[in-house]
Amino acid sequence: MMMMRTAIRIVALIGALLTTGLVMSEDGEETTTPYFQSRALNVPILAGWEDQSGEDFAQFHLAEAEATIRAAIAPQDDIIAAVGADLNDAFGIEVGQPIYQDKVNLADGTWSVLVFDYGEETTASVMARLAGGGTVVISFVERDPAARTALLTVAQADDALDDPTPEIAFAIESLTGMSPSDLSRAESIRLPSGEWTVYAGASMSAMGMVFGNDSYVALQEGAPGNLAALAEAYNRTLLGFFITPDSSHYLALGMAVVFVILGALVGSLFWRERGLRKDLALLEQLAGEEP
């Protein structure tokens, strides 16, 4: 009976430890930065932006700039098809050929950089990469007729430089046809994401920041707007985004190992108890045979 009570206590103790561990792991998921979390992706919540997120996508809208930042995972495993489907479903945009297309290697994989222009009213800047059987699509869509904004990531031509000027010049020439000499370096500003270099002209503003081996560049044509706020929000999304890892198989394996060990321990206790009972019976028999 003592062995039985010991086994029951061990089972109860392990159950309590498992429950405590699960509660602690759930509490540990809380971070100081508020995050949108779904089964598939995690995205920083943009303060001051209207949260339009759904069950499986993160979406934030800034009414004063007619701008929307969205992160989703499209089921298609073709990047252009996935981007087209997501922009069409979310914004009713029929995707044609991008006016800019390139690739950059970031810490979490190779991303396609795409910029689409739909006339004076709508522009879309997209970062996309394959993930499992689908495609991660992070998009910035602006529908402000007074301004045309493009946000993109450009691999540094010389990663020894801590200056985004070459990539800013490249983006200006690639997207606007203007000459970088039409802009003058205005200042450097400090944003939460880092130090940004700002250029300004009569009808255009440009700014860029170096992070890793890449430059994050923002361009805005037309009426001066809140380019810094838009660039900061988009880069906060890009740099803070991560896919929820599927660790269910590790959990199942861990639980299986725990219960195998537990079963072996309980079986050992029963086996030892059985042996002790036989020894006790033998001792009692021998004691009864003594004269």
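**Two cavities and a covered strand**

I would like to begin with the second largest cavity, whose lining is made up of I99, V115, T123, R148, T149, A150 and L175. Please keep in mind throughout that what we are looking at is a predicted model. The volume of this second largest cavity is about 30 Å³, and strand β10 supplies the largest share of its lining, namely three residues. Sorted by character, the lining of the second largest cavity holds four nonpolar residues, two polar ones and one charged one.

How many cavities of 30 Å³ or more are there? The count comes to two, and the largest cavity encloses about 40 Å³ of space. Around the largest cavity we find R148, T149, A150, L175, T176, M204, L219, Q220 and E221, and the elements giving two or more residues to that lining are β10 (147–155), α3 (165–176) and β14 (214–222). Here the lining divides into four nonpolar, three polar and two charged residues.

Let me now turn to strand β2, residues 41–44. In a regular strand, side chains point alternately to one face of the sheet and to the other. In β2, L41 and V43 lie on one side while N42 and P44 lie on the other, and all of these are buried, so that both faces of the strand are covered.

As for its partners, β2 runs antiparallel to β1 (residues 35–37), to which three bridges join it, with Y35 standing opposite P44, and the two strands form a hairpin with three residues between them. β2 also pairs in the antiparallel sense with β15 (residues 242–243), over two bridges, and there I243 is the bridge partner of L41.

Terms used. Residues numbered from 1 in each chain as written. Predicted model: local features only at pLDDT ≥ 70, side-chain atom pairs only at ≥ 80, totals over all residues. Heavy atoms only, no water. Buried < 20%, exposed > 50% of the residue type's maximum accessible area, 1.4 Å probe, protein only. Helix = DSSP H or I, 4+ residues; strand = E, 2+ residues; numbered from the N terminus. Pairing = 2+ DSSP bridges. 1 Å grid on protein atoms, 1.4 Å probe; cavity = no way out; pocket = protein on both sides within 12 Å on 5 of 7 lines; lining within 4 Å. Points joined across faces, edges and corners; volume = space filled by probe spheres on them. Nonpolar A, V, L, I, M, F, W, Y, C, P; charged D, E, K, R; others polar.
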